Amino acid sequence: MKGMMEKEIMELLRLERIREPLSPSRRVKDFQVTIQRTKNGEEIELTGFLLARKPPYAPNDAAYYLLSPLTPSELASLSKDDFRSYLVIRITEMTKVQGNVRPGSHVRVKGIIDAYPWGNLRTVHTLLIEGREYPEYWKDYQEFALSRREVINLFERTVYMPDEMRMALIYSLYGVPYVLGMEQSRNWGEGFDFTVYKYKENLGLLALWKALKYLYDSLPWEVRVSKKTMLEIEDPFLGIDFRVRNPNGTDMKYYTPLKKISMNKLPKWVKDQITNKKAIGLLPENKEPNPTDLLARISETPFVLTPWEEKPYFEKNREFQQLMPNLLVTVFLQREQHMAMNTKDLELFRKEFLKWIEYGRQEYPDMFNPLSSSPKGLFHINLRYLLDVRVFGAATRFSGKVTKKTIGDIRQIKEAILNDWAVVVKDHPEILMELRKDYERYVPRDVRAQKALQVFYDLSSTSITGDVDKEEFLNELLQQGFNQKDALELIERFISSGYVYEPFPGKLRLIR
């Protein structure tokens, strides 16, 4: 009985425990313990960041540098009295150098430890120094990773906004896996554009900007998009300073405007990174939404803040800032597990996307077709499918697997975006008129033929290659209520009229 009570108490304590933040002091402690426990003459292997400055009183028999267990930004943030730990590494012509090794690089060092003739420093006669990717730094502390529920709770207690918008924000932080077969032509990276427009005089945008800036300011320098490519660090104990480059060479970097004026237009120095998906943009846009705006059309989640929705705001949360390193551990671990997506994982999602298209046409018949069929439209099906697949990929990184619930959550996000833009478009009939003219260039006048061509367009836009099986097209027409004779006649008519062609027997492709 006593044993059962102890187990129950331990389980309650486990459930109620406060998550331990991953702090610089923890890393320094682990690093120092490893050095102290290794005796002179023994082999040692450590990882850290290379500081390409000579340590005090370095001999002249080799090249001597310092190794720090902390990232450049963590090292720079230490106060004068904080404990620091360094290892001196001795490099000769016998040292094997692999990968990218430069000032600030994350490296693995292997060699024989020895005493150093100054202070309490130790040195390693380096046999191997190997460059490591920046994400490896965070993945070394897997036990500090947050669960999915912990991540959601952390944001719910800090950033207050509509549920769909908050989930899209969380997804964006995880970046986008490479989707095999879909992105070679665009050469997009892992970036994600979380974009939010104001609606008329909606004051909620300023509060959203402050919330996103709070998130951005909680991130280390290495994962921020910044003009600053070098960091200068001064060590009060050693009496020397360092200049180090940013070791993060991935697309997992975040940008949000730091000044109000940058909310009106993306600065030139960051525009290419955002539009080419080489960074994750958290973008409150201080301008009226326009469905033909480039940023709106290429954003994975182009939200609009409408007056009747909950206004975003945030609360300063000490736990949020303390657990930011834990969140990065979580993000980089999930990134490693989901670097790429197989197209087989998209079958279920593709079916749901086609249902969403049908929903849009039924709910907004006058608006949706021009917005989805014109190449200038916000919901251009081919581009929007690619962008939605990217949302699906980011959501899969967050959840850790492909689930129906994840697909359902994405559907809610998409419907929220569609409903808000439907209001916007009503305020701009001139834009819709222009898109409708563009749309009518691509469709036949026969209503039944329009419907059949829409079916083909949907299948083609959500196909990896753009090809559609003739049999698949026929079956979809039958499901949409066409009889077999009419369906076959329409297919032949589209081929003879030049709407589609047959690149291979049994395969059809749209002509534009």
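This is a short chat about the fold and the four-stranded sheet of a predicted model.

Trainee: What should I know about the model before reading it?
Mentor: It is predicted, so local features need pLDDT of at least 70 and side-chain atom pairs count only at pLDDT 80 or more, whereas totals for chains, interfaces and linings use all residues. Residues are numbered from 1 along each chain as its sequence is written, and side-chain values use heavy atoms, with hydrogens and water left out.

Trainee: How many helices and strands does the chain have?
Mentor: The chain has 19 helices and 19 strands, these being DSSP runs numbered from the N terminus (helices H or I, at least four residues; strands E, at least two).

Trainee: In what order do the strands of the open sheet come?
Mentor: The order is β12-β13-β9-β14, with parallel pairing, where two strands pair if DSSP finds at least two bridges between them.

Trainee: Which strands stand at the edges?
Mentor: β12 (254-255) and β14 (301-305) do, and because each has a single partner strand, one side of each lacks a neighbour in the sheet. β12 is joined by two bridges to β13, residues 280-285, and Y254 lies opposite I280 of β13.

Trainee: And which helix packs on the sheet?
Mentor: Helix α15 (residues 404-426) does, touching β9 (193-198) and β14, and its direction makes about 55 degrees with that of β14. Contact means heavy atoms within 4.5 Å, while axes are lines fitted to C-alpha atoms, for helices over the stretch in contact, with angles from 0 to 180 degrees between N-to-C directions.

Trainee: Changing topic, what box do the C-alpha atoms fill?
Mentor: Along the principal axes, that box is roughly 90 × 65 × 50 Å.
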